[in-house]
Amino acid sequence: MKQPSITAKAIGLLPALPEFLKTYNLLKKSQWWSREQLEEYQVRQLGRILNHAYENVPYYRKIFDERGLKPDNIQDFSDLQKLPFLTKEIVKDNLNELKAGNYHADKFEYVTTGGSTGIPLGFYYEKGVSRAIEWAFIKSLWERVGYNFRDKCAIIKGYVVSSASTGKLWDYSFFGRWLMLSSYHMTEDNLPHYIRKIREFKPGFIQAFPSAVTILARYMKSKGVEPFPSVKAILCGSENFYPSQRELLEDTFHCRVYSWYGHAERVVLAGECEQSADYHAFPEYGITELVREDGSPISNDNEPGAIVGTGLTNYAMPLIRYKTDDLAVRSSIVCPCHRGYPMLKNVQGRWLQEFIITGTNRPISITAVNMHSNVFDNVEQFQFYQEKKGEVVFNIVRKDSYTERDTEYIRSELLKKLGDDVRLEISFVNHIPRTGRGKYRFLVQKLPVEFGSSAVSSEDGE
Ligand SMILES: [Zn+2]
């Protein structure tokens, strides 16, 4: 592949370019393999990671030994069920035992899920490798709708342009190819500036959180604003994506609206293709299972189940049968694109589309408030609560390691995103209950919030 070095450097890939190319070149071929070839590949990769986990990862050595198992006892996907699920709680309690002992300390990159369910979770990537591999998969996904790294993109994804209080609405990144638009200032007053800027910039693509681009689309539609002729597709990720939103976006932007599903834990990655809006799960990325509440496997086409993934790419911290909070339905249709990938439908993530409303009526998506950093390392659980415009209570269940310093850190990081038209009260609680449907909520919103809610209707997971 002729990869311009400037592109690779800009996304921090240069040291890991061989990893990127290895994965990207594999995907170029493997996406056209038959179902049988793909399954053979998966079984081989599964064997590799299980052997590695058994030899080098203390947690897995214990799990195998307790069950009298050796990696050789797992020869196919049904054998995999001999191993227990890996839950978030287990990861939290065994973080060090899950690290591969044959990797040097400086090969680990600490990351967090950001805690979109209100439960922060930290784990490790292989430094310089995991992100390169991820980019190869993302490139393969987005190429299906014509995206190339050299294309100009407008990005509306929780990016803080300096700080929420400066009022700066955009910035450039990636050698001027990316126009980073603040998703914290999308008010009626500001949206005409956003529209003018995007029109002037002429992006080929818009990368967005569905909740954020929905605000833009609703405004454009209500004012009869013409679509952007340069935009070939809207790339939507990181949140649930509802049919009503897709309709609105297609109607407003007159282009392909493309979405995918994945998360920081990197055990499942699935996206639409050229010809279908169903999710094609990458078999090269991980092994995807759907299970009932009691853990039994689902093999039919109409029963929703929890998504369980075994990552095939992260050897620094293997996640085997990792149980996500997300739901999906399996689909056995053969896609007209002829990829032999397993198909998922109706993917419902943990991301509810909700907004905090600031004192000056700025709607801030909770996905954008999410922190991918160590801010919540000493927090067991948290939840936003809002009943008055411009006022938010942040409830925290503390870990034993929590100190007063954490409060200051959390306050200053949150205010960077919320801005100074929000009064933030931090309060400590012993327990944060689940909803009636057993989910944790990131935000309890008592205000009648107009943005997003009518677009999302009653499907918003509550
Ligand atoms: Zn397809």
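1. Val308 is buried in this predicted model. The assignment follows because Val308 has 25 C-beta neighbours inside 10 Å, where 20 or more are needed for a residue to count as buried. Val308 belongs to strand β12, which covers residues 305-311.

2. Which residues does Val308 touch, leaving aside those up to four places away in sequence? The contacts are Phe85, Glu289, Val291, Arg321, Tyr322 and Lys323. A separate distance can be checked against Val267, 41 residues from Val308 along the chain: the two C-alpha atoms are separated by 8.1 Å.

3. Strand β12 is part of an open sheet of 12 strands with mixed pairing. The strand order is β4-β5-β3-β6-β7-β8-β9-β10-β14-β13-β12-β11. The edges are formed by β4 (170-173) and β11 (286-291); each has a single partner strand, so one side of each is left without a neighbour in the sheet. On average, neighbouring strands of this sheet are turned by 35° against each other, direction ignored.

4. At the β4 edge, the partner is strand β5 (residues 178-181), and the two run antiparallel, joined by 4 bridges. Within this pairing, Tyr172 stands opposite Leu179 in β5. Helix α7 (residues 191-201) packs on the sheet here, touching β3 (153-156), β4 and β5. The direction of helix α7 makes about 175° with that of β5.

5. For the chain as a whole, the model contains 12 helices and 20 strands. The protein chain has 462 residues, of which 42% count as buried. Among contacts with a separation of 6 or more, 68% are between residues 24 or more positions apart.

6. How confident is the prediction, and which elements have the lowest and highest mean pLDDT? The chain has a mean pLDDT of 87, and 89% of its residues reach 70 or more. By element, helix α4 (residues 58-66) has the highest mean, 98, and helix α12 (residues 453-456) the lowest, 33.

7. Two stretches call for caution. Over residues 1-9 the pLDDT is below 50, and this stretch has 11 contacts in the model beyond near neighbours in sequence. Over residues 451-462 the pLDDT is also below 50, with 24 contacts counted in the same way. Where pLDDT is low, predicted coordinates should not be read in detail.

How values were computed:
Residues numbered from 1 in each chain as written. Predicted model: local features only at pLDDT ≥ 70, side-chain atom pairs only at ≥ 80, totals over all residues. Buried ≥ 20, exposed ≤ 12 C-beta atoms within 10 Å, placed from the backbone. Contact = placed C-beta atoms within 7 Å. pLDDT = per-residue confidence, 0-100. Pairing = 2+ DSSP bridges. Axes fitted to C-alpha atoms, helices over the stretch in contact; angles between N-to-C directions.
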